[in-house]
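Biologist: I should be grateful for a close look at the strands of this protein and the way they are joined. Please take one contact as the starting point and work outward from there.

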Amino acid sequence: VKPFWLQRPRPIKRRRGVPPSVREGPPPLDGDDASMSLFYSFLRSLADRNVQVTVEMKNDVCITGTLQSADQFLNLMLANISVNDPDRYPHFLPFKNCFIRGSVVRYVHLPAHEVDTDSLQESCKREAKQGR
């Protein structure tokens, strides 16, 4: 028997087609995922209206810009950005657009006139009743 470093590598068996997990689609939402779905749909409606938001990240950078898109992981795409403290973060000045990963977001500051609190409360109540 040869030592492992002298043996020929085994060929990799490649599966053809789409894996079953991709064919089935995403798993159903439950518990915290359902509330994330509500927040996701709310952010998508704001993105459709091109609302100006301020995103505060976990590294204390605050970026203000027009919300272009949001996805199911709460990643955000902003256009026409500006940094709230340009003296401290001058390396952001040349950028016009940015992508912010959802896991680094601490807060998303929204303008008060863009938030319809009554419809949000109704949606939360509906989801709470469905979850019971």
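**From one contact to the sheet**

Modeller: The side chains of Thr54 and Thr64 are joined by a polar contact of 3.0 Å. This is a statement about a predicted model, and the confidence of the prediction therefore deserves a word at the start. The protein chain has a mean pLDDT of 81, and 77% of its residues reach 70 or more. Within the chain, confidence is highest in strand E1 (residues 52–57), at 95, and lowest in helix H1 (residues 20–24), at a mean of 50.

Thr54 belongs to strand E1. Its relative accessibility is 17%, so Thr54 counts as buried, the cut-off being under 20%. The strand around Thr54 is mostly covered as well: five of the six residues of E1 are buried.

Strand E1 has a partner on either hand, E2 and E5, as the order of the sheet shows. With E2, strand E1 pairs in the antiparallel sense over five bridges, and Gln52 stands opposite Thr66 in E2. E1 and E2 also form a hairpin, with four residues between them. In that turn lies Asp60, which has a positive phi of about 70 degrees. With E5, strand E1 is joined by four bridges, and these two strands again run antiparallel. Here Glu56 stands opposite Tyr107 in E5.

The next step leads from E2 to E3. Strand E2 (residues 62–70) is joined to E3 by six bridges, and the two run antiparallel. Cys62, at 19% relative accessibility, counts as buried because the value is under 20%. Ser69 is also a residue of E2, but with a relative accessible area of 35% Ser69 is partly exposed. Ser69 stands opposite Met77 in E3. The C-alpha atom of Ser69 is also separated by 8.0 Å from that of Leu43, although these residues are 26 apart along the chain.

Met77 provides the link to the following strand, for its bridge partner in E4 is Phe99. Strand E3 (residues 76–83) pairs with E4 in the antiparallel sense over four bridges. Strand E4 (residues 97–100) has two unlike faces: Cys98 and Ile100 make up the covered face, while Asn97 and Phe99 make up the uncovered one. Cys98 has a relative accessible area of 15%, so Cys98 is buried. Cys62 and Cys98 are thus both buried, yet a search of the whole structure finds zero disulfides.

The whole arrangement can now be stated. Five strands form an open sheet in the order E4-E3-E2-E1-E5, and the pairing is antiparallel. E4 and strand E5 (105–109) stand at the edges, each with a single partner strand, so each has one side left without a neighbour in the sheet. From one strand to the next, the twist averages 40 degrees.

One further feature concerns aromatic rings. A search of the whole structure finds one aromatic pair. The ring centres of Tyr89 and Phe92 are 6.4 Å apart and their planes stand at 70 degrees, so the pair is edge-to-face. Tyr89 is buried, with a relative accessible area of 10%.

Technical notes. Residues numbered from 1 in each chain as written. Predicted model: local features only at pLDDT ≥ 70, side-chain atom pairs only at ≥ 80, totals over all residues. Heavy atoms only, no water. Disulfide = S-S within 2.5 Å. Buried < 20%, exposed > 50% of the residue type's maximum accessible area, 1.4 Å probe, protein only. Phe/Tyr/Trp six-rings, centres within 6.5 Å; stacked < 30°, edge-to-face > 60°. Pairing = 2+ DSSP bridges. pLDDT = per-residue confidence, 0-100. Axes fitted to C-alpha atoms, helices over the stretch in contact; angles between N-to-C directions. Polar contact = N/O pair within 3.5 Å; in protein donor to acceptor, adjacent residues only side chain to side chain.
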